[in-house]
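Biologist: I'm new to this one, so could you walk me through it?
Modeller: Sure, take a look and then ask away.

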Amino acid sequence: FYFYKKYQENKVKEQKIIAGTASAKFETLKNQIDPHFLFNSLNVLSSLIEENPDNAQKFTTSLSKIYRYVLEQKDKELVSVQEELAFAKTYMNLLKMRFENSVFYELPEESDPEAKVVPLSLQLLLENTIKHNVVSQQKPLHIKIFEDNGYLVVRNVLQKKEVLQDRRGVGLQNIVSRYAIITNRKVIAEQSEQYFTVKLPILTKQLEIMETISYDKAESSYYKAQRKVEEIKGFYGNL
């Protein structure tokens with residue numbers, strides 16, 4: 001009995017370490033978003049000051065509202081698709097202050113209120129489309145966001161900047177890593193001759209802390225570790 005008890009205690013410690021490591025990694029990835037967003041927004045603002053001082057002033061006012069959303073959402077594991085779409089619309093209107101008729105976007109009108117995604121994922125992906133593609137009146141950038149078979153899809157016309165041709169931004173890798181912690185469903189990135197497409201898994205339920213169940217009922221290692229700890233505690237309570 002003593003041997004079995006020590007064995008189970010070690011299993012509890014092991015599962016706690018797994019859960020703690022996943023939680024710490026997730027926190028690190030979330031904290032990466034804040035300075036990344038601010039740095040890129042200030043770069044846009046500095047360019048806008050030279051090009052159009054009036055729009056620069058409007059940009060600053062709108063940026064404060066958007067940054068408030070960033071601060072509110074970055075500490076969450078999941079947010080509703082509706083919230084993300086509303087934010088994406090505001091963010092794209094902000095970018096259009098600088099690029100005007102060089103950027104066009106299309107968003108879905110409605111979404112399932114229970115549908116959830118990783119917070120600020122759309123902002124990071126939209127930011128990457130601007131960063132990695134040519135944006136001009138001669139070559140306007142077209143971006144479309146839509147839902148397809150359990151995924152929230154962001155697709156843009158592919159017109160790569162040569163200097164950034166082989167680089168992947170912080171934004172996409174951040175999203176991939178955060179999804180990997182909370183669900184087994186993968187973020188899909190596809191490139192064709194015409195388009196670059198990223199598909200974000202839409203999750204249907206958020207449990208306490210970081211426990212997420214997706215459409216295919218796949219369970220993350222974090223959730224399994226947490227559940228294992230509770231089962232072992234319950235065993236000793238009954239004993």
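Biologist: Which residue follows α3, and what is its phi?
Modeller: Helices here (H or I, at least four residues) and strands (E, at least two) are DSSP runs, numbered from the N terminus. Right after α3 comes Glu100, with a positive phi near 50°.

Biologist: Where do these numbers come from?
Modeller: It's a predicted model, where local features need pLDDT of at least 70 and side-chain atom pairs count only at pLDDT 80 or more, while totals for chains, interfaces and linings use all residues. Residues are numbered from 1 along each chain as its sequence is written, and side-chain values use heavy atoms, leaving out hydrogens and water.

Biologist: What is the mean pLDDT of the protein chain?
Modeller: pLDDT is the predictor's confidence in each residue, from 0 to 100. In this chain 71% of residues reach 70 or more, and the mean is 76.

Biologist: And over which residues is the pLDDT below 50?
Modeller: That stretch still has 38 contacts in the model beyond near neighbours in sequence, a contact being heavy atoms within 4.5 Å. The residues are 207–219.

Biologist: How many residues does α3 have, and how far does α3 reach?
Modeller: The expected span of a helix is 1.5 Å times one less than its number of residues. With 19 residues, α3 is expected to reach 27 Å; from first C-alpha to last, the model gives a close 26 Å.

Biologist: Which residues form the aromatic pair, and how is the pair arranged?
Modeller: Rings of Phe, Tyr and Trp (its six-membered ring) pair if their centres lie within 6.5 Å; planes under 30 degrees apart count as stacked, over 60 as edge-to-face and the rest as tilted. The structure holds 1 such pair. Its centres are 6.2 Å apart with 20° between the planes, making a stacked pair of Phe87 and Tyr91.

Biologist: Why are Phe87 and Tyr91 separated by about one helical turn?
Modeller: Both sit in helix α3, residues 81–99. They are about one helical turn apart because their spacing in that helix is 4 residues.

Biologist: Is Phe87 buried or exposed?
Modeller: Buried means under 20% relative accessible area, exposed over 50%, partly exposed in between (1.4 Å probe, protein chains only). Phe87 has a relative accessible area of 5%, so Phe87 is buried. Its partner Tyr91, at 5% relative accessibility, also counts as buried.

Biologist: How many residues of α4 are buried?
Modeller: Helix α4 covers residues 121–132. Its buried residues include Leu122, Leu124 and Ile130. Of its 12 residues, the buried ones number 11.

Biologist: Which residue's charged end sits over the ring of Phe104?
Modeller: A charge sits over a ring if NZ of Lys or CZ of Arg is within 6 Å of the ring centre and within 35 degrees of the ring normal. Over the face of Tyr151 lies Arg185, at 4.9 Å from the ring centre. For Phe104, at 5.0 Å from the centre, it's Lys96.

Biologist: Which residue forms a salt bridge with Glu190?
Modeller: A salt bridge is a side-chain nitrogen of Lys or Arg within 4 Å of a carboxyl oxygen of Asp or Glu, and the whole structure has 1. Glu190 is partly exposed at 37% relative accessibility, while its partner is buried at 18%. The closest N and O atoms are 4.0 Å apart, and that partner is Lys199.

Biologist: How far apart in space are Thr183 and Leu203?
Modeller: Thr183 is in the loop between α5 (170–182) and β6 (188–191), and counts as buried at 2% relative accessibility. In sequence Thr183 and Leu203 are 20 residues apart, but C-alpha to C-alpha the distance is 8.7 Å.
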